[in-house]
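Please read this report with the sequence and the model side by side, and look up each residue as it is named.

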Number of protein chains: 2
Amino acid sequence: MRIVVLAGGIGGARFLRGLKQAAPDAEITVVGNTGDDIHLFGLKVCPDLDTVMYTLGGGINEEQGWGRLDESFTVKEELAAYGVGPEWFGLGDRDFATHIVRTQMLGAGFPLSAVTEALCARWQPGVRLLPMSDDRVETHVAIEVDGEQKAVHFQEYWVKLRASVDAKAVVPVGAEAAKPAPGVLDAIAEADVVLFPPSNPVVSVGTILAVPGIREAIVAAAASGTPVVGLSPIVGDAPVRGMADKVLAAVGVESTATAVALHYGSELLGGWLVDTVDAGAVTDVEAAGIRCRAVPLMMTDVEATAAMAREALALAEELR
Amino acid sequence: MRIVVLAGGIGGARFLRGLKQAAPDAEITVVGNTGDDIHLFGLKVCPDLDTVMYTLGGGINEEQGWGRLDESFTVKEELAAYGVGPEWFGLGDRDFATHIVRTQMLGAGFPLSAVTEALCARWQPGVRLLPMSDDRVETHVAIEVDGEQKAVHFQEYWVKLRASVDAKAVVPVGAEAAKPAPGVLDAIAEADVVLFPPSNPVVSVGTILAVPGIREAIVAAAASGTPVVGLSPIVGDAPVRGMADKVLAAVGVESTATAVALHYGSELLGGWLVDTVDAGAVTDVEAAGIRCRAVPLMMTDVEATAAMAREALALAEELR
């Protein structure tokens, strides 16, 4: 079975770990969000790709959900001693090595997709990890500070400001001109199932869908019978983790399991899983033409996550 | 008193520490060798500039003579886990931060001289440290391996091969087209004394002199009465440290205190200090028109080094 998953960072990575357990023989292609990518200290940092790679490769800091296990921060402390920041982004020494290798390879002319493949040769994540695009896309968030409008990089909004101010708009800068990375459209066209994990619908899955060609490929696959199933990142009217409500508000979507399903829409989604606490949403979602089931959606451990993945694959079978 | 010192790495840095103690009120300008510079992991590494900066700024690994005190090697280990080398060059985590800042600033368009000044703002070395040039100069060494001629970067010859094969030639690639960094020629023209510390005469001082304009400026200063005094890096027919004999042989110079003085020549040098064990060299050096004194030249500690610096300054006074 060939499965394509559109993944953001922590939520996507944890879901993938469960999916691998649920479908050990599946060929899984992950289309990773790169809108969170940021240049720090002259180095190219790809937080979502790395979170997937480290999580599936056994190198993740489990409690934190991002960054490396057993990490130290000597380089960052030294950079601060030079007065060089930002200090709000937690790059550890082990993590720095990844960004150094990536930046060196990009500088030598390799596209991000080839670089990601090379990094994965070490981590053996057990999935094919593709960036959504080899072209630079950078999610910016429009905010108002002291009555003044400004746009900040998504990481500044998320990590530095901790989404403490309202997002007026979320713009994937560069997306219009970006092309899907090699392999992305073919993987979607050849997929038996396409899954949207409980990742952020705006800045993770939404950014991937903003790359011209990707949404269209999924719509075409769905139209030709490929089941497309999503899992709600909203449980009981609140994001399971992160501050997705802030960016959902920016695109005029309520933080409910139903609203997110309708935001994706039936053209894209064939099936949608909501948490058991949101069982009341099933009727509304189905009324919009999206098959819906209420099942436990808390990724408390790999077992629970694998059960979610099985539910998603079962719903996909139903749709076939 | 304004003193200009042409410095390589370890020897130059240690001499400068003694000089600062011997002449605490002097304005010292260091023209640093950049022919040893190398790009590693996409980062610009300037071993000689950093050795001077760390040594005078209190950050050096004292026993080793290069690299940072209290260093760790996490980044390097991680790079190796990615299969990315070279492993023979010992870059530590603290040191990496310096190269990351430097590379970022160079990438932003600052010349190496401005970057060096910015790095020194942290280290406060107590001297003005100028790279010999903002242009790229890279010392290559011609060697013969299994009957085949090849050229390797100086660091590969020195650090990886540990000068275990004969150097057929030493070529400062790019020197012909390099310009002295801003401030270098003015500092020489305005100097009260120019000193050649016991650095490598070929790959350290020799490379600095290979930048068009620098040798000429020193010759002109000497001609107009500025004392130029050198300290022999050869004691008892052997280099005090390093493998200078290998690269001296490549330029056809014997490893003796006399031969090195004659290699520099009386056009450049007004005075030359040899070690007391080489007292027999004084007559030959003076016969070549270079004032010579035999004094202890082992930099065993800062006191001993300060005494050497005082001898050099005393000889300069004699020449005035």
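In this predicted model, helix H2 of chain B, which runs over residues 47-57, is mostly covered, since ten of its eleven residues are buried. Among these buried residues are Pro47(B), Asp48(B), Leu49(B) and Asp50(B), and the list also includes Met53(B), Tyr54(B) and Leu56(B). Just after H2(B), the backbone at Gly58(B) takes a positive phi of about 80°.

In chain A, helix H2 (residues 47-57) packs with helix H5 (residues 112-123) at an angle of about 20°, and their axes are 10 Å apart. Angles under 35 degrees count as roughly parallel, and H2(A) and H5(A) are therefore roughly parallel to each other. The crossing in which H2(A) passes H5(A) is right-handed. On the side of H2(A), the contact is made by Leu49(A), Met53(A), Tyr54(A) and Gly57(A), while H5(A) contributes Leu112(A), Thr116(A), Leu119(A), Cys120(A) and Trp123(A).

The cysteines can be considered next. A disulfide is a covalent bond between the sulfur atoms of two cysteines. Over all chains, the count of disulfides comes to zero. For Cys46(B), the closest cysteine sulfur is that of Cys120(B), at 11 Å, which is too far for a bond, because a disulfide needs the two sulfur atoms within 2.5 Å. Cys46(B) is buried, with a relative accessible area of 0%, and Cys292(A) also counts as buried, at 2% relative accessibility.

Some backbone angles also deserve attention. Most residues other than glycine have a negative phi, and most peptide bonds are trans. The table gives two peptide bonds that are cis.

| Peptide bond | Omega | Place of the proline |
|---|---|---|
| Gly85(A) to Pro86(A), cis | near 10° | loop between H3 (74-81) and H4 (93-107) of chain A |
| Gly85(B) to Pro86(B), cis | near 10° | loop between H3 (74-81) and H4 (93-107) of chain B |

Ala163(A), in the loop between helix H6 (154-160) and strand E8 (169-173) of chain A, has a positive phi near 50° although it is not a glycine, and this alanine is buried, with a relative accessible area of 4%. Asp146(B) likewise has a positive phi of about 50° without being a glycine, and lies in the loop between strand E6 (138-145) and strand E7 (148-153) of chain B, but Asp146(B) counts as exposed, at 80% relative accessibility.

Finally, how are the two chains related? Chain A can be laid on chain B with an RMSD of 0.0 Å by a turn of 180° and a shift of 0.0 Å along the axis, so the two copies are related as by a two-fold rotation axis. In chain A, the C-alpha nearest the axis belongs to Asp93(A), 3.6 Å from it.

Terms used. Residues are numbered from 1 along each chain as its sequence is written. Chains are lettered from A and ligands numbered from 1 in the order in which they are written. This is a predicted model: local features need pLDDT of at least 70, side-chain atom pairs count only at pLDDT 80 or more; totals for chains, interfaces and linings use all residues. Side-chain values use heavy atoms; hydrogens and water are left out. Copies are superposed by least squares on the C-alpha atoms of residues with pLDDT of at least 70 in both. Buried means under 20% relative accessible area, exposed over 50%, partly exposed in between (1.4 Å probe, protein chains only). Axes are lines fitted to C-alpha atoms, for helices over the stretch in contact, and angles run from 0 to 180 degrees between N-to-C directions. Helices (H or I, at least four residues) and strands (E, at least two) are DSSP runs, numbered from the N terminus. Angles under 35 degrees count as roughly parallel, over 145 as roughly antiparallel, 65 to 115 as roughly perpendicular and the rest as oblique. A crossing is left-handed if the near helix is turned anticlockwise from the far one by less than a right angle, and right-handed if clockwise. Contact means heavy atoms within 4.5 Å.
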